[in-house]
Each structure stands twice: as structure tokens, then as C-alpha cells.
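User: Please go through this protein with me, one question at a time. I would like the terms explained as they come up.

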Amino acid sequence: MVDPLGTEPGETWVKGRGYSHAVRLMESGRYAMQVQCDICAEPLQSGTWTRQGNTFVLRHASGAIAMELVPVNVMGCDALARRGEQNAHAPGGFYFKQDDRCADAL
């Protein structure tokens, strides 16, 4: 089965148990984002990402900001949170590296 986020080198971050969202930050500066949703018009999006300070800024191909992610620590595990959602209390609201054993234990 082909991974819809691609096989280009990078890191995949997932949000939610079994994951509801996945973002792949590729070493080339591109990203792919997949939303697990049966009724969504665009379950797969892509564009470019840059790092500005400690913030990952994801931009659609149009140049509009799709999302800003900031590093956080959630119960001892490294995670990414959408800007403005860093203080959420449920671990399911954060992005963790795919197959992160620390996050799997939460």
C-alpha cells in the first residue's frame, strides 16, 4: 500500500488515537497533511513549511498559512501544538511523532 503522505525523507506527526490528522514535514521543505474524514472535501493537502524561531509554519501552495505548529512537552513527551492550543489538557489534541513510544504510553 502506498503511503498517501509520500515516502520522501522527513518526519510524520500524528494527532489523535489511531490518528485523525497526520502531517509529514519533509526534508525538502514540503509538507503533506492528511485528515481522516469521510465527508471532507480535501482529505489530503500539501504545500511548503519553514521554521521561524521555534515555530513550524505550513503554507498552502497559494501562500496562505495552513497551520502554525510549536514544540511543547506533554506529560514528558515531545509534541507539536497548533499555535494558540499549547495549553490544551487532552493528549489527543497534540501531534506526536509517528511510532513514538512515549506518546503511545499516554
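**Thr-12 and its surroundings**

Analyst: Thr-12 counts as buried because its relative accessibility is 9%, where buried means under 20% relative accessible area, exposed over 50% and partly exposed in between (1.4 Å probe, protein chains only). This is a predicted model, in which local features need pLDDT of at least 70 and side-chain atom pairs count only at pLDDT 80 or more, while totals for chains, interfaces and linings use all residues. Residues are numbered from 1 along each chain as its sequence is written, and side-chain values use heavy atoms, with hydrogens and water left out.

User: Which side chain does the side chain of Thr-12 join in a polar contact?
Analyst: A polar contact is a pair of N or O atoms within 3.5 Å; within protein, one must be able to donate a hydrogen and the other to accept it, and residues adjacent in sequence count only if both atoms are side-chain atoms. Thr-12 also touches Leu-5, Ala-22, Val-23, Phe-96, Lys-97 and Gln-98, among others, leaving out residues up to four places away in sequence; touching, or contact, means heavy atoms within 4.5 Å. The polar contact of its side chain, at 2.7 Å, is with Arg-24.

User: How many bridges join β1, the strand of Thr-12, to β2?
Analyst: Strands (E, at least two residues) and helices (H or I, at least four) are DSSP runs numbered from the N terminus, and two strands pair if DSSP finds at least two bridges between them. On one side, β1 (residues 10-15) is joined antiparallel to β8 (residues 95-97) by 3 bridges, with Lys-97 as the partner of Trp-13. In β2 (residues 21-26), Ala-22 is the bridge partner of Val-14. β1 and β2 also run antiparallel, and the number of bridges joining them is 6.

User: In what order do the elements of the protein run from the N terminus on?
Analyst: The protein has 1 helix and 8 strands. The order from the N terminus is β-β-β-β-β-β-β-β-α.

User: Which strand gives the most residues to the largest nonpolar core?
Analyst: A nonpolar core is a set of buried Ala, Val, Leu, Ile, Met, Phe, Trp, Tyr and Cys residues joined through side-chain atoms within 4.5 Å. The largest one has 13 residues, and Leu-25 and Leu-58 have the most contacts inside it. At least two residues each come from β2, β3 (30-35), β5 (55-60) and β6 (65-74). The strand that gives the most, with 3 residues, is β6.

User: How many residues does the other core have?
Analyst: This core lies apart from the largest one and includes Val-72, Ala-79, Ala-81 and Ala-103. Its number of residues is 9.

User: How far is the backbone oxygen of Gly-53 from a polar atom of the side chain of Arg-51?
Analyst: Arg-51 is in β4 (residues 44-52). Beyond its neighbours within four places in sequence, Arg-51 is in contact with Phe-56 and Pro-71. The distance from its side chain to the backbone oxygen of Gly-53 is 3.3 Å.

User: Which element has the lowest mean pLDDT?
Analyst: pLDDT is the predictor's confidence in each residue, from 0 to 100. The protein has a mean of 83, and 83% of its residues reach 70 or more. Where pLDDT is low, the predicted coordinates should not be read in detail. Among the elements, β5 has the highest mean, 94, and the lowest, 81, belongs to helix α1 (residues 101-104).
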